[in-house]
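The following note sets out a number of points for a colleague reading this model. They begin with the contacts along the chain and then turn to individual residues.

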Amino acid sequence: MAKKSENKIDSVLSKESDSQPSYYVGIGASAGGLEAIEEFFKQAPEDAGMAYVVIQHLSPTHKSMMVELLSRHTEMPVLRAEDGMDVERDTIYLIPPNKTLSIFHDKLLLSEVDHSRELNLPIDIFFRSLAEDQGEKAIAIVLSGTGSDGTRGLRNIKEKLGMVMVQEPSSAKFDGMPKSAIATGLCDYILPPNEMPGQLMEYAKHPYASRSKISETVLTDEDGLTRIFYQLREKTAVDFTLYKPSTLVRRIERRMLVNQMHDLPDYVRFLESNQTEVMTLYREMLIGVTSFFRDSKAYELLEKTFLPELIRKKEGQELRIWVAGCSTGEEAYSLAMLCHDCIERLEISVKVKIFATDVDRDAIIRAGNGVYPQSIAADVPDRLLARYFYRHEDSYHIIRQIREMVVFAQQNLVKDPPFTNMDMVTCRNLLIYLQPILQRKALEMFNFSLRPEGILFLGASETTGEMFEYFESLDNKWKIFRSRGKRRERSLTDADSMLYRKTITSMPYSSTPLPRSYSQRLQEEERILDRLLQSITGSALTLALAVNEQMELQYVAGDTDGFFKLPSGKIENNIAKMAVKDLSIPLSTGIQKAFAKGEEVLYSNISIEHRNGPKVYDMRVKQLAKKKGQAPLVGVFLNENRKIPVIEENGDASHVYDVSKEAQQRIIDLEQSLQFHKENLQATVEELETSNEELQATNEELMASNEELQSTNEELQSVNEELYTVNAEYQSKIVELTEANNDLENLNASTNIATVFLDENFDIRKFTPAFSTVYKIIESDAGRPFSHLSHYLHAIDPYEVVKSVARDGGPVEMEVEHENGNTYFMRVLPYYIAPEVYSGVVLSFIDVSPLKAESHERRLINAVLNGMVDGLVVCDSSGVIRHVNPTACKIFGYAEKDLLGQSVNILMFEKEANEHDKHIARQMSSGKHVNACGQDVTGRHQDGSSVDLHITLSESFLEGNKYFTAVIRRQD
């Protein structure tokens, strides 16, 4: 039975493993995304082993038809996500309407949409949960859509070493979301939707899938890693040697995967020949995952408790805050908004200056612009969003008042000098990427920067480490500390860095140890104990001690009762101050001699008062065995002496301890040491005062210069934007004017109207080519006075007419005669530049001679037709009446308007009409011309009576159309 049960469990586990997706692909799309999704799944293989979750912006009130539509383009199952549904490979899951979707432990979780928020960002929500749940197995794809949904989420994907694909904006119906994603600089691939599945398969087939193998290869290739770090330092001036190896190696692996390279040497060669890839890897190393009010509970605590406390203390002064590792500025602006809000609430006058620094220059530039996507509405409280941001197009801009509170600067935290006299320092989620040796240096810088009782705000996963004694914890959960005002004597030196680099270059990265620090108390105690025990092997002692050069007690073996007691006041670890009076002098004297001479010191017959009376002890002090990398120590060994002391004449290293003699010598030694230290201290104080004054002056000058440069930079940026806008407007106007000018030139040429434009002084501004037929003018006459020109007109002076129009403002129209006999229609109008405002005159001449001749001919023809005794009816080839004369109207009893446009059959009875239609049809099909012929017919009068008629029918053509003309005579 047990065996069967085991087999069944193995079978279930195997089945679960088989259904586990190799990658989880989140696909975000909005407006215009349906076509892109269909193109993607048309090319996606059905057995790739991946799971696909499609997140769209759906209408909450309409049923989605996405399942049916998408099923036509793929053989994979398409399911609408349900709460608690397991995610399986080769399956497509769709978000339901009016829901947000997230993933937790391979299960889909549905939540109601929060309608209290202005923006619904389901893509960001899912991407963020996908990154947290699947890490390196997460893939984000951003397709067509408006706005910026998905931009925040893909940052989380990249932070967890996932992959990001974005649709090529030119292939998207709406490019808002793709462009917003691309602007982050975190996209691995930018492709049209139909090319994405192919690249996705190449990504999945890379050896990166079996991370252990490639990681071991990369970790053991020390030369390759060194060359990569060298390239990064040369191009970016940032040394990544002391960053956490595991993080660095995983970033390098990702770039190898994206570039489809399997071996580190190949990637190194590619890196050395491609500067763009160096910068891309650099950005990968410095992925800044941040947001406004990240860990909102922590910011609530700052706003309610610690910021008001700091602001009250700085009334009438300047509150100084340093935001280290500010990335794109969200955290710095968050603090600025809270400070401004708190100052107004408390009604206190405090100037706030926030120094925000980061090693990434591009991030600093973006932070300085203060422009963020619409998706920040999900992080910024509504009241702060409305008060401190203004919306422009698809972005939110920080207001100038908050922007001026923050000074952004590029700074290498572990290399460049820190700021000083800070009331608050924040460094969130940066220390976790550094090795302990750099963490220690960064924390020492923060300790140096902070004023006593200043606030240190770290990330939720960070601590003060060995610097715990320099900071008091105010909130352990959100890592808020207060400076104790202590100054660490020794910080990380260049020698430490060199020693560490030598250490890491001699070991593979997979097992690189960090130098041991004093914070690792347990391991240090084991070493001290080991050294102490080696020194006292075979001896039976009352008390054994280990002491360092600073007289600090490091380890105790034995009972200290009667030998040591804690003095009142501040706790100190100085052994001379903790020892009883009888033991203090010989103890401090012996330790100093042992360190100074390196020899063993023996004191005998030291009398120490106990509860039961005085006891005599022998004390031996000697240096402990020293090992590489360990601090020098001495061992102090006390043993009770129960024998009568015997003093040898020739003396010995071990001698009877004379308190008065030793005390006198001790006093002399201390006086000399004190004098020496006084002189050194005085010189040091003077040097420090001078240096401090110089540094203070330099710092103030630099701060003033920095603020001036920052202000100038903002002004230049503003002017540059204005100039760019004006330039764009001018370019647009130039295009419009060019088009308008071309249109006008073509219009003037095509109308053949003689026109001249005169300014307010009656000087010629412009004229058309046809104007030369009326006036004697050439092209070079532009700009000359109009009165200088001569014309070809009879009995009129156009110049006088022009002056009258300019004086009275009314138009003048008249016909004038040309020398060649043609008649022109002259029109003179004011040149309007605005309603009721004119400046100049427009003079035009239109040749109306052909129109007048044609009009005369028409009147003659109409007179002949209307005067005919016989009726006349003209029809087109369809039998529609196009013209009748008055005689025809009289014969048939119709008015002219009642006949025009009617069928000629209206003038015949039904029988005659049918015969007429057949006759016309035969004539049209035969193609023969109808010659004038007469025949007697019976017509139909309007009142229904019959009319005897004689009709002569003929055929004519006009402009390619056939017409029939009937001359009608009434037979009475």
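1. Contacts and overall make-up. Of the contacts in the protein between residues at least 6 apart in sequence, 62% join residues at least 24 apart. The model is a predicted one, and this should be kept in mind throughout. The protein has 28 helices and 36 strands. Buried residues account for 43% of its 972 residues. The exposed area comes to about 52000 Å², of which carbon and sulfur atoms supply 50%.

2. Salt bridges in general. Side chains of opposite charge can pair when their charged atoms come close. In the whole structure, a search finds 27 salt bridges. Three of these pairs are taken up in the points below, followed by a network.

3. Aspartate 86 and lysine 107. These two residues form a salt bridge in which the closest N and O atoms are 2.5 Å apart. The pair links distant parts of the chain, with aspartate 86 in strand β4 (residues 85-86) and lysine 107 in strand β7 (residues 107-112), 21 residues apart. Aspartate 86 counts as partly exposed because its relative accessibility is 41%. Lysine 107, at 35% relative accessibility, is likewise classed as partly exposed.

4. Aspartate 124 and arginine 152. Here the side chains meet in a salt bridge with an N to O distance of 3.6 Å. Distant parts of the chain are again linked: aspartate 124 belongs to helix α4 (residues 122-134) and arginine 152 to helix α5 (residues 151-159), 28 residues apart. Aspartate 124 is buried, since its relative accessible area is 1%. Arginine 152 also counts as buried, at 13% relative accessibility.

5. Aspartate 423 and arginine 451. The closest N and O atoms of this salt bridge are 3.0 Å apart. Its partners come from distant parts of the chain, aspartate 423 in strand β17 (residues 422-427) and arginine 451 in strand β18 (residues 450-458), with their positions 28 residues apart in the numbering. Aspartate 423 is buried, with a relative accessible area of 5%, whereas arginine 451 is partly exposed, with a relative accessible area of 25%. Elsewhere, Glu303, Asp341, Glu344, Arg383 and Arg387 are joined into one network by salt bridges that share partners.

6. A negative surface patch. Which residues form the negative surface patch? Glu686, Glu687, Glu689, Glu693 and Glu694 make it up. Among them, glutamate 687 is found in helix α23 (residues 659-751). Glutamate 687 counts as exposed because its relative accessibility is 55%, the cut-off for exposed being over 50%.

7. Glutamine 134. This residue is placed in helix α4. Is glutamine 134 buried or exposed? Its relative accessibility is 12%, so glutamine 134 counts as buried; buried means under 20%. Leaving aside residues up to four places away in sequence, glutamine 134 touches Tyr24, Ile103 and Asp106.

8. Positive phi values. Most residues other than glycine have a negative phi. Two residues deserve a check of the backbone in this respect. Aspartate 90 has a positive phi, near 55°, and is not a glycine. Aspartate 90 lies in the loop between β4 and β5 (91-94) and counts as buried at 17% relative accessibility. Leucine 161, also a residue other than glycine, has a positive phi of about 70°. The loop between α5 and β9 (163-167) contains leucine 161. Leucine 161 counts as buried because its relative accessibility is 2%.

9. Proline 769. Where is proline 769 found? Its place is the loop between β28 (764-767) and α24 (798-808). Proline 769 is exposed, with a relative accessible area of 62%. The C-alpha atoms of proline 769 and isoleucine 753 are separated by 8.5 Å, and the two residues are 16 residues apart along the chain.

Terms used:
Residues are numbered from 1 along each chain as its sequence is written. This is a predicted model: local features need pLDDT of at least 70, side-chain atom pairs count only at pLDDT 80 or more; totals for chains, interfaces and linings use all residues. Side-chain values use heavy atoms; hydrogens and water are left out. Patches are made of residues with over 30% relative accessible area and no salt bridge: like charges are joined within 9 Å, nonpolar side chains (Val, Leu, Ile, Met, Phe, Trp, Tyr) within 5 Å. Accessible areas come from the Shrake-Rupley method with a 1.4 Å probe; for residues, only the protein chains shown count as cover. A salt bridge is a side-chain nitrogen of Lys or Arg within 4 Å of a carboxyl oxygen of Asp or Glu. Lys and Arg count as positive and Asp and Glu as negative; His and the chain ends are not counted. The place of a charge is taken as NZ of Lys, CZ of Arg, CG of Asp or CD of Glu. Helices (H or I, at least four residues) and strands (E, at least two) are DSSP runs, numbered from the N terminus. Buried means under 20% relative accessible area, exposed over 50%, partly exposed in between (1.4 Å probe, protein chains only). Contact means heavy atoms within 4.5 Å.
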